[in-house]
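Colleague: Please take a close look at the annotated sites in this model. I would like their placement, burial and contacts, and then the charged pairs.

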Amino acid sequence: MPSNKSVSDAPIVQFTNCRILRDHRLQREDLWVREGKILNPEKLFFDEKGSADVQLDCKDSIIAPGFIDVQINGGFGVDFSLATDDFKSGIDLVSQKILSHGVTSFCPTLVTSPPSVYHQILPQIRVRNGGAHGAGILGAHLEGPFISKEKKGAHPEHCLRTFEAGAFQDLLATYGSLDCVRIVTLAPEMRRSSEVIRELTKRGICVSLGHSVANLSQAEEAVQHGATFITHLFNAMLPFHHRDPGIVGLLTSDKIPAGRRVFYGMISDGIHTNPAALRIAHRAHPKGLVLVTDAIAGMGLAPGRHTLGQQVVEIDGLNTYIAGTKTLSGSVATMDTCVRHFQEATGCSVETALEVASLHPAQLLGIEHKKGTLNYDSDADFLMLNDSLYVQATYIAGEEVWRQDVSGM
């Protein structure tokens, strides 16, 4: 049957012999792709009278949406919080390397830094589509400096700031520009934070609560003003207490505005969060869980000394500490490792383990109409995985951008 070229001259690729993650379950169907989008085969057959130009046998692989990492500080020797003349080549290197770990889109994350660093780095971050050059960039995640001194974690105290009169202008002056900013993490107990949350939300920027000593009512108020995310749940916040559960209490709060969902990031690396805590959070609020790596420059490198913004960190196995302390400072886990650990720790389904790294971050950022699913007309960013959830190949816009080298195996 000839392709109907009146609709499009672009080749149609049919991925066969696979199980596709669609509508929250693995379905034995073929995946059809044209011009970087997922195609509806019924429309192709009945409206266009068309067929595939190329068929690819997936050998019974799982096909799932590409992973989206909304909190990654760097990796492979690159630190996104270090102002360098070749910052662009650094971000290009990371975006290329994370393809092998299934990440097709990400938010480069800057930890608390002096204003001069934001002014130098942010103009060099460009929102861009992914491709053979690397994962797509969705915009920056600015974690700090408007956070709590008591819960600063690995953030340098001398760079922390509070909101002065004209709080939003203060934030603008600190960052220099919000053009490419997608997420801002702040502490909601700070005076004047409400007006900042409202202003950021109005501009389509996701506000995340973290590095904070907020009580539950302060956290609920922040959500009522527009905050939608929690930065690395349990880490750098007040521990859960039965009389005031703090930010953690948002997972089961009855004060969330109707029709709104609070999402929360979790570092599922076996270090930052005990498996029991992962299970508690997931069972309490499964639809809000978003896996993040919180990876630092040392990801993908040998143990030793590396940087995180203004600080020196030491990597010891999977542990990363501020040098000379036992303060945890980001992770060296990759996203595919986090997905496998999450499934093992929670005993959840394969579908759930894949969606917390794809669908949920897309929903958080309001891009689920084009990323994080394999629905018709969405972007053809997807992974081939085996049953143990090891990535075999990564595709962006329907093009293979990475494949596991099986030579010699």
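Modeller: What follows goes through the annotated residues and then the salt bridges. Keep in mind that this is a predicted model.

Start with the active site. An unreviewed UniProt entry puts that feature at Asp-294. Asp-294 sits in a loop, with strand E16 (289-291) before the loop and strand E17 (304-308) after it. Its relative accessibility is 6%, so Asp-294 counts as buried. Beyond residues up to four places away in sequence, Asp-294 touches Gln-71, Asn-73, Glu-143, His-232, Ile-267, Gly-330 and Ser-331. One of these, Gly-330, carries an annotation of its own: the unreviewed UniProt entry lists Gly-330 under "binding site".

That binding-site feature also covers Ala-154, Asn-235, Ala-236, Arg-243, His-272, Leu-328 and Ser-329. Do not picture a single cluster. The positions span 177 residues in sequence, and the farthest two C-alpha atoms are 29.6 Å apart, so they do not all gather at one spot.

Two of them deserve detail. Asn-235 is in the loop between strand E14 (229-230) and strand E15 (263-266). At 16% relative accessibility, under the 20% limit, Asn-235 is buried. Neighbours within four places in sequence aside, Asn-235 is in contact with His-272 and Thr-273. His-272 is itself in the binding-site list from UniProt.

Ser-329 lies in the loop between strand E19 (319-322) and helix H8 (335-346). Its relative accessibility is 0%, so Ser-329 is buried. Outside its neighbours within four places in sequence, its contacts include Ala-154, Ile-296, Leu-308 and Val-313. Thr-320, Tyr-321 and Ile-322 also contact Ser-329. Ala-154 is another annotated binding-site position.

Now the charges. Side chains of opposite charge can pair when their charged atoms come close. The whole structure holds 18 salt bridges. One of them joins Asp-60 to Arg-19, with the closest N and O atoms 3.6 Å apart. Asp-60 is in strand E5 (residues 54-65) and Arg-19 in strand E1 (residues 12-22), so this pair ties together parts 41 residues apart in sequence. Asp-60 is partly exposed at 33%, while Arg-19 is buried at 17%.

Lys-202 and Glu-199 pair within helix H5 (residues 193-202), three residues apart, about one turn of the helix. Their closest N and O atoms are 3.3 Å apart. Lys-202 is exposed at 63%; Glu-199 is partly exposed at 23%.

Lys-371 and Asp-379 form a salt bridge at 3.0 Å, N to O. Lys-371 is buried at 12%, and Asp-379 is buried at 13%. Elsewhere, salt bridges with shared partners link Arg-19, Arg-28, Asp-60 and Asp-387 into one network.

How values were computed:
Residues are numbered from 1 along each chain as its sequence is written. This is a predicted model: local features need pLDDT of at least 70, side-chain atom pairs count only at pLDDT 80 or more; totals for chains, interfaces and linings use all residues. Side-chain values use heavy atoms; hydrogens and water are left out. UniProt positions are given in the numbering used here, feature names are shortened, and annotations may be inferred rather than shown by experiment. Helices (H or I, at least four residues) and strands (E, at least two) are DSSP runs, numbered from the N terminus. Buried means under 20% relative accessible area, exposed over 50%, partly exposed in between (1.4 Å probe, protein chains only). Contact means heavy atoms within 4.5 Å. A salt bridge is a side-chain nitrogen of Lys or Arg within 4 Å of a carboxyl oxygen of Asp or Glu.
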